[in-house]
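Colleague: I would like a close look at a single part of this protein, with the wider chain brought in only where it helps to place that part. Please take the charged pairs and the interior around them, and then follow the connections outward.

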Amino acid sequence: MKLKLLIASALIVLVTGCSTFDKPPIVVEKEAVYNETLNPRQKEYPNHLGFNDLHIQAIRHIRPDTHDIHDPKLQMIVHHHCKAYDDGTFICLMFHSGMKDQDKPIGFEYIITTAQYNSLPEAEKKYWHYHLIEVPRAHATFPDLTAEEGAKILPAVNETYGKVVYFQNIDDEFPLGEPYVMIVQDMPEQD
């Protein structure tokens, strides 16, 4: 008896439920929110993953081999390809060679606003660096932007904090060992 009821129920569902397959699904599209300051080109590339919305080049982001201020790794450019989010944060994938088709990221920088930084526990704050101080020290530039676009972005970037996390050393073929947090403000000063 239970089997007959189960089969009858399945038939009813199949007969009456199949008619809904003819209707297209209802899709509610939310209007995209763009941070026009930090993503000046996003409207030109809608629905893109976004990690090339903002390209920043900076030195002093590779752990040196020595404590010498002339260590060549301190002068290596690290390419940050960033995506901004609605909550004021952004993530930058970091590449030591660029962001061409076969380039792989070696780490990321997580960037938060000053208000978000101020809400962090005191023990966590040592891992973050203030961009108002670090941008000039790292000789950071916006190579894909015009001078006018860069001038609009700089004040916004200056009032953020970054935490740099590496999962691969630049000399390794694959990510080996444990990821580490780079304390950028402890890096030796450069000219």
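Modeller: The pair to begin with is glutamate 134 and arginine 137, keeping in mind throughout that this is a predicted model. The side chains of glutamate 134 and arginine 137 meet in a salt bridge, with 3.6 Å from N to O, and both residues belong to helix α4, which covers residues 131-137, where they stand 3 residues apart, about one turn of the helix. Glutamate 134 counts as buried because its relative accessibility is 2%, under the 20% cut-off, and arginine 137, at 17%, counts as buried as well. The pair does not stand alone, since Arg60 joins Glu134 and Arg137 in a network of salt bridges. Side chains of opposite charge can pair when their charged atoms come close.

Helix α4 also leads to the cavity. The structure holds 1 cavity of 30 Å³ or more, and about 130 Å³ of space lies in the largest cavity. Of the 14 residues that line this cavity, those closest to its centre are Ile56, Glu109, His131, Val135 and Ala140. The elements that give two or more residues to the lining are β1, β4 (107-113) and α4, and the largest share, 3 residues, comes from α4.

One of those central lining residues, Glu109, is also in contact with histidine 61, and this histidine deserves a description of its own. Histidine 61 is found in the loop between β1 (54-58) and β2 (78-84), yet at 2% relative accessibility it counts as buried. Leaving aside neighbours within four places in sequence, histidine 61 is in contact with Val78, His80, Met94, Glu109, Ala138, Val164, Tyr166, Met182, Val184 and Met187. A polar atom of the histidine 61 side chain lies 2.9 Å from the backbone oxygen of isoleucine 59.

Two further charged pairs can be set beside the network, out of the 6 salt bridges that the structure holds. Glutamate 122 forms a salt bridge with lysine 125, the closest N and O atoms being 2.9 Å apart, and both residues lie in helix α3 (residues 122-125), 3 residues apart, about one turn of the helix. Glutamate 122 is exposed, with a relative accessible area of 62%, whereas lysine 125, at 13% relative accessibility, counts as buried. Aspartate 65 forms a salt bridge with lysine 73, with 3.1 Å between the closest N and O atoms; here aspartate 65 counts as exposed at 59% relative accessibility, while lysine 73 is buried, with a relative accessible area of 12%. In each of these two pairs, then, an exposed acidic residue meets a buried lysine, whereas glutamate 134 and arginine 137 both count as buried.

Another loop residue with a buried side is glutamine 168, which lies between β6 (160-166) and β7 (180-182) and is buried, with a relative accessible area of 10%. The side chain of glutamine 168 reaches the backbone oxygen of aspartate 172 at 2.7 Å. Not counting residues up to four places away in sequence, glutamine 168 touches Pro105, Ile106, Glu173, Phe174 and Pro175. Of these partners, proline 105 is 63 residues from glutamine 168 in sequence, with 8.3 Å between the two C-alpha atoms in space.

As for the wider chain, its secondary structure comes to 5 helices and 7 strands, which follow the pattern α-β-β-β-β-α-α-β-α-α-β-β along the sequence. Of the 191 residues, 36% count as buried, and among contacts between residues at least 6 apart in sequence, 58% join residues at least 24 apart.

Confidence should be kept in view when these details are read. The chain averages a pLDDT of 80, and 71% of the residues score at least 70. Confidence is highest in α3, at 98, and lowest in helix α1 (residues 2-17), at a mean of 48. Over residues 10-16 the pLDDT is below 50, and beyond near neighbours in sequence this stretch has 2 contacts in the model.

Note on methods. Residues are numbered from 1 along each chain as its sequence is written. Side-chain values use heavy atoms; hydrogens and water are left out. Helices (H or I, at least four residues) and strands (E, at least two) are DSSP runs, numbered from the N terminus. Buried means under 20% relative accessible area, exposed over 50%, partly exposed in between (1.4 Å probe, protein chains only). Contact means heavy atoms within 4.5 Å. A polar contact is a pair of N or O atoms within 3.5 Å; within protein, one must be able to donate a hydrogen and the other to accept it, and residues adjacent in sequence count only if both atoms are side-chain atoms. A salt bridge is a side-chain nitrogen of Lys or Arg within 4 Å of a carboxyl oxygen of Asp or Glu. pLDDT is the predictor's confidence in each residue, from 0 to 100. On a 1 Å grid over the protein atoms alone, a cavity is a set of points where a 1.4 Å probe fits but cannot get out, and a pocket is an open set with protein on both sides within 12 Å along at least five of seven lines; lining residues have an atom within 4 Å of a point. Grid points are joined across faces, edges and corners, and a volume is the space filled by probe spheres set on the points.
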